[in-house]
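Colleague: I would like a close look at a single part of this protein, explained slowly enough for a first-year student to follow.

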Amino acid sequence: MEPVVPLPLDPSTMDSLAVSAKDQAILNGLAYLTDPQNDSSDLVSFKPFVLLPSPVPRFLFDQARAVQKDFNLLVHRVSHDRAFLTRCLSSVIKVDNFTAGLFHIYEQVQKEGVAQPICLGVHRSDYLLDTTNNAVMETHGVTANRQFQLKQTEINTIAAAGAGFAEKMASVHSPFFILLFTCRHVLNLLGVTNAYKHIPENRALDSQVEGFVAAWERYGSQRAIIVFVVEEERCRNVFSQRLMEFSVMEKYPSITVRRYSLRQIAEDAELKSDKTLFMHGSEVAVVYFRAGYSPDHYPTEKEWNARLMIERSRAIKCPCISYHLAGTKKVQQELAQPGVLERFLEDPKSVGRVRATFAGQHTLEMGLEGDRTVQMAMRSPEDYVMKPQREGGGNNIYGEDIKTILDELKNSEERTAYIIMDLICPAVVQNYFMRPGHRPKLLGSSCELGVFGVFMAEGDQVFHNKQGGHYLRTNDTTTDGGIDVGHAVVDSPYLV
Ligand code: ADP
Ligand code: MG
């Protein structure tokens, strides 16, 4: 794909734009901790970003936004189907202790009765702009020759981050374009006079704040607080969490947000006999998990006890354990099988919108079908990604490594901890990577579009179902290979 302006920029334009954009990033609060491991360190820098917004075909952007409410409902319906969740995860939990830990909490709460029937979901559905099949495709009923397709990598149902930074990044990119317009030379190169029209509005932060407040109101106690569950150590992205936390309290001063780790909750929280949760004497209305999605977040039994205590309580969880499980890779693989979506979505158009975003996903269950997947993936491992039931990046397996692992696991139940997915080949575009302490680097890049969804329901009664803005992250394809390295930088879409 072509970058939004011809590259490279001449060195003097480049230098002044780079300095200006970095300053904008700092002024906008696009910050991260440079040395989070060191407790005494308050060192902060700008969060790495790309200098230019990435081109995103408008029709794909619209498609991603249009399907979000379907996904919100799908997660809710899946999470309420105990037979389906159990069947999907029954092999996984035999071999994956972490998923088993989550599932046991789910089972326990199902057995004793769910104390809080209201579910709050803040999801992010992630997509790559696939170039694999440059073929005729159908979008919203319109058949056209399209170069790119929207393909979902996954939907995140826990700790779906980035809402605050997404908005900030657009305002770093937009004024930056205003600077460009003042420069006739670059304007001529750019060939457009109204770049702001290409940068879409993004209300990601507000949408999520609204979701939390709606849940807090529905809980119905003026004195109750919202708890953010965070990691024990200050993490790099603490500011993105803080944006959310402070925005809630700024806009709704009667609400207090407090941050606690699972360990602190295990030590200090109290679950009353009526299932009301108290933390340091304050009733808890809403619990928002920004941690709890990785085995590292449960170093001891204490953390598991805290998760169970929260789940058993009357507090509204974001997400509840069943939403968390509905977002596992295994469940997503099962949803991609023929005929499965129809079990959850009655509207065929809704099914069509969701299915259009699916890449092929394949089971590794023991049996014939799983055996076929093993053979297929070992024959051409470069066409697939192997995914365990983990979140947070850096866990996927690619290429020859798939072969090595399958060689070892192919006859063992251990293989059912993973799923196999068709490799999506994203569009590549040149861009300048801006990293603290480094000169801007012109590299190949590919972006991943995340669209947020905010949802609240009690059983079949849906209170809130919204598409809630977007978050674009971009990988360096030149040096990183562009895949799953956890080095993605912040970006914003430039619709073309
Ligand atoms: P995680 O839960 O760890 O974020 P993901 O499924 O989102 O797991 O995968 C992590 C990253 O791997 C994605 O951000 C994307 O860059 C890459 N990735 C995931 N699935 C695919 C795929 N099918 N094809 C190509 N790249 C993928
Ligand atoms: Mg992901």
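How many residues does the largest nonpolar core have, and which residues have the most contacts inside it?

Modeller: Please keep in mind that this is a predicted model. The largest nonpolar core has 71 residues, and the residues with the most contacts inside this core are Leu 74, Val 78, Val 229, Ile 265 and Leu 335. Among the elements that build this core, helix H6, which covers residues 97-112, gives the most, with 6 residues. In soluble globular proteins, nonpolar side chains tend to be buried together.

To see what such a residue looks like from its own position, take Ile 265: leaving out residues up to four places away in sequence, Ile 265 touches Val 227, Val 229, Tyr 260, Met 279, Ala 306, Met 309 and Ile 310. Val 229, in this list of neighbours, is also one of the residues with the most contacts inside the core. Beside this core there is a second, separate core of 55 residues, and Ala 18, Ile 226, Ile 255 and Val 257 are included in this second core.

Two other residues with the most contacts in the largest core, Leu 74 and Val 78, lead us on to the empty space in the model, since both also appear in the lining of the largest cavity. A search of the whole structure finds 4 cavities of 30 Å³ or more, and the largest cavity holds about 90 Å³ of space. Its lining includes Phe 71, Leu 74, Val 75 and Val 78, together with Gln 152, Ile 155, Leu 335 and Phe 358. Helix H3 (68-79), strand E8 (149-156) and helix H14 (329-335) each supply at least two residues of this lining, and H3 gives the most, with 4 residues.

Finally, it is worth following the record. The unreviewed UniProt entry places the feature "binding site" at Gln 241 and Arg 473. Gln 241 is in helix H10, residues 238-251, and counts as buried because its relative accessible area is 3%, which lies under the cut-off of 20%. Beyond its neighbours within four places in sequence, Gln 241 is in contact with Phe 228, Val 230, Cys 235, Arg 259 and Arg 290. Arg 473, in turn, is in strand E21, residues 461-476, and, not counting residues up to four places away in sequence, Arg 473 touches several residues, including Arg 124, Asp 126, Glu 448 and Asp 491. With Asp 126, the side chain of Arg 473 also makes a polar contact of 3.2 Å.

Definitions and conventions: Residues are numbered from 1 along each chain as its sequence is written. Chains are lettered from A and ligands numbered from 1 in the order in which they are written. This is a predicted model: local features need pLDDT of at least 70, side-chain atom pairs count only at pLDDT 80 or more; totals for chains, interfaces and linings use all residues. Side-chain values use heavy atoms; hydrogens and water are left out. UniProt positions are given in the numbering used here, feature names are shortened, and annotations may be inferred rather than shown by experiment. Buried means under 20% relative accessible area, exposed over 50%, partly exposed in between (1.4 Å probe, protein chains only). Contact means heavy atoms within 4.5 Å. A polar contact is a pair of N or O atoms within 3.5 Å; within protein, one must be able to donate a hydrogen and the other to accept it, and residues adjacent in sequence count only if both atoms are side-chain atoms. A nonpolar core is a set of buried Ala, Val, Leu, Ile, Met, Phe, Trp, Tyr and Cys residues joined through side-chain atoms within 4.5 Å. On a 1 Å grid over the protein atoms alone, a cavity is a set of points where a 1.4 Å probe fits but cannot get out, and a pocket is an open set with protein on both sides within 12 Å along at least five of seven lines; lining residues have an atom within 4 Å of a point. Grid points are joined across faces, edges and corners, and a volume is the space filled by probe spheres set on the points.
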